[in-house]
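Student: Can we go through this one together? I'd like to ask as we go.
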Amino acid sequence: MNLSYYWYETAHWLLGPARAATDVTKILFESPGNPLTNTPYGRTVTAACELFERTTRRYGKPEFGLASTVIDGETVAVTERIVWERPFCDVIAFDRDHAKAKAQPKLLIVAPMSGHYATLLRGTVETFLPTHQVMITDWADARMVPLAEGSFDLDDYIDYMMAMFQSFGPDLHVMAVCQPAVPVMAAIARMEAENDPATPRSMILMGGPIDTRRSPTAVNQLAEERGIEWFRQHCISKVPPAHPGFWRSVYPGFLQLSGFMAMNLDRHVSAHWEMFNHLVDGDGDSAEKHQNFYDEYMAVMDLTAEFYLQTVDKVFVRHELPKGEMMHRDQPVDLMAIRRCAIMAIEGERDDISGVGQTKAALDLTPNLPSDKKLYHLQAGVGHYGVFNGSRFRAEIAPRIVEFIQFHAPEPARKKPSRS
């Protein structure tokens with residue numbers, strides 16, 4: 001059995017005394033009564049304590065914290081409400097106190113189930129709050145789901161997608177960010193094959209691994225080179241005691257985070273060194289920006305082993321969806337069946353996780369979908385995270401998505417979206 005999770009928990013326990021001593025030292029050197037507090041030496045000690053605490057803490061699930069938005073120039077309150085729930089996922093709706101809110105298009109954002117919480121898409125949600133009825137999938141941390149709730153694999157994920165789409169009605173627009181692109185497209189293909197009246201009106205696929213044979217990245221190549229058995233042996237562990245999901249087989253979030261950070265280790269080390277210097281210099285604003293980013297980035301969740309391994313095998317090793325070999329339960333996932341649901345594929349020019357062309361493949365794999373229901377946008381100058389967050393996303397990508405949804409909404413008067 002892979003004992004990495006148990007070593008991880010043991011390391012946290014062993015660091016307990018050192019963390020307590022660091023906390024006491026930080027309080028001492030922040031005290032107004034200490035003559036060293038405002039000296040370069042005192043600020044250096046405080047900054048070192050801060051850095052140690054942040055790099056050894058266990059980060060909890062962040063909050064969305066979106067209390068308000070602006071609709072037609074009016075600031076309105078935003079409240080969260082769970083509108084759909086299952087053991088492994090809730091759907092959160094962001095209700096806005098405005099007369100026009102219920103007449104706006106419904107947009108379900110499917111967050112990645114890849115280690116980070118849905119709050120990683122806080123900026124994405126915030127961008128669409130003025131113009132859409134926004135909902136988002138809030139995936140559960142597998143270590144918090146009791147073993148009695150059963151398993152959760154890629155077939156279950158597709159089941160969840162279909163159930164959500166049917167629950168929220170035929171006038172729904174779906175946005176899949178990265179990993180969910182495959183199960184979202186598979187779910188819609190299954191619904192189209194059955195002429196399900198609740199099939200969404202459109203799907204927006206953003207930086208998703210539809211066909212990882214195109215412009216393969218280091219992430220894609222690793223999966224093919226290692227094979228599924230390597231991942232089973234090295235990445236899967238049992239949840240330790242003291243967690244609700246005790247003994248569930250999972251891909252631990254801390255391993256996923258380690259992999260992400262290893263890809264850009266120099267950048268993360270430099271960022272922490274810059275934060276240290278900002279704290280020493282008393283530049284609280286710059287240090288706070290760093291802290292806010294890493295509060296989100298370091299908060300990770302576990303994935304069920306069966307979902308993780310199936311995804312690696314079917315999406316990254318066997319390429320079942322683009323080859324036409326993917327099955328859902330005992331039924332084929334036939335992309336030729338997609339005839340009604342419009343598709344917008346969005347990619348980042350500098351994406352080092354989902355290479356250019358991998359998401360665009362969705363347009364090529366759906367020949368029976370009319371051309372006026374397809375749209376492609378390649379965003380210059382952005383990497384993977386810039387596809388769904390940041391200044392260029394807000395200024396250049398989001399407006400195109402709004403146009404695309406408006407064009408494929410049921411209203412009779414619609415403006416055709418501009419093409420890249």
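Student: Is Asp-72 buried or exposed?
Tutor: Asp-72 is exposed, with a relative accessible area of 58%. Keep in mind that this is a predicted model.
Student: Why does it count as exposed?
Tutor: The cut-off for exposed is over 50%. Asp-72 has 58%, so it counts as exposed.
Student: Where is Asp-72 found?
Tutor: Asp-72 sits in the loop between strand 1 (68–71) and strand 2 (74–86).
Student: What about its phi?
Tutor: Asp-72 has a positive phi of about 55 degrees, although it is not a glycine. Trp-247 also has a positive phi, of about 80 degrees, and is not a glycine.
Student: OK, Trp-247 then. Where does it lie?
Tutor: Trp-247 is in the loop between strand 8 (237–238) and strand 9 (249–251). Trp-247 is partly exposed, at 39% relative accessible area.
Student: Which residues make the nonpolar surface patch with Trp-247?
Tutor: Leu-147 and Phe-246 join Trp-247 there. The patch covers about 290 Å².
Student: New topic. How many cavities of 30 Å³ or more does a search of the whole structure find?
Tutor: The search finds 2. The second largest cavity holds about 30 Å³ of space.
Student: Which residues line that second one?
Tutor: Leu-154, Gln-179, Val-182, Pro-183, Pro-209, Thr-311 and Val-315 line the second largest cavity. Helix 6 (181–193) and helix 12 (305–317) each supply at least two residues of that lining.
Student: And how many are nonpolar, polar or charged?
Tutor: In the lining of the second largest cavity, 5 are nonpolar, 2 are polar and none is charged.

Definitions and conventions. Residues numbered from 1 in each chain as written. Predicted model: local features only at pLDDT ≥ 70, side-chain atom pairs only at ≥ 80, totals over all residues. Heavy atoms only, no water. 1 Å grid on protein atoms, 1.4 Å probe; cavity = no way out; pocket = protein on both sides within 12 Å on 5 of 7 lines; lining within 4 Å. Points joined across faces, edges and corners; volume = space filled by probe spheres on them. Helix = DSSP H or I, 4+ residues; strand = E, 2+ residues; numbered from the N terminus. Nonpolar A, V, L, I, M, F, W, Y, C, P; charged D, E, K, R; others polar. Patch = residues over 30% accessible without salt bridge, like charges linked within 9 Å, V, L, I, M, F, W, Y side chains within 5 Å. Areas by Shrake-Rupley, 256 points an atom, 1.4 Å probe, with all protein chains shown as cover. Salt bridge = Lys/Arg side-chain N within 4 Å of Asp/Glu carboxyl O. Buried < 20%, exposed > 50% of the residue type's maximum accessible area, 1.4 Å probe, protein only.
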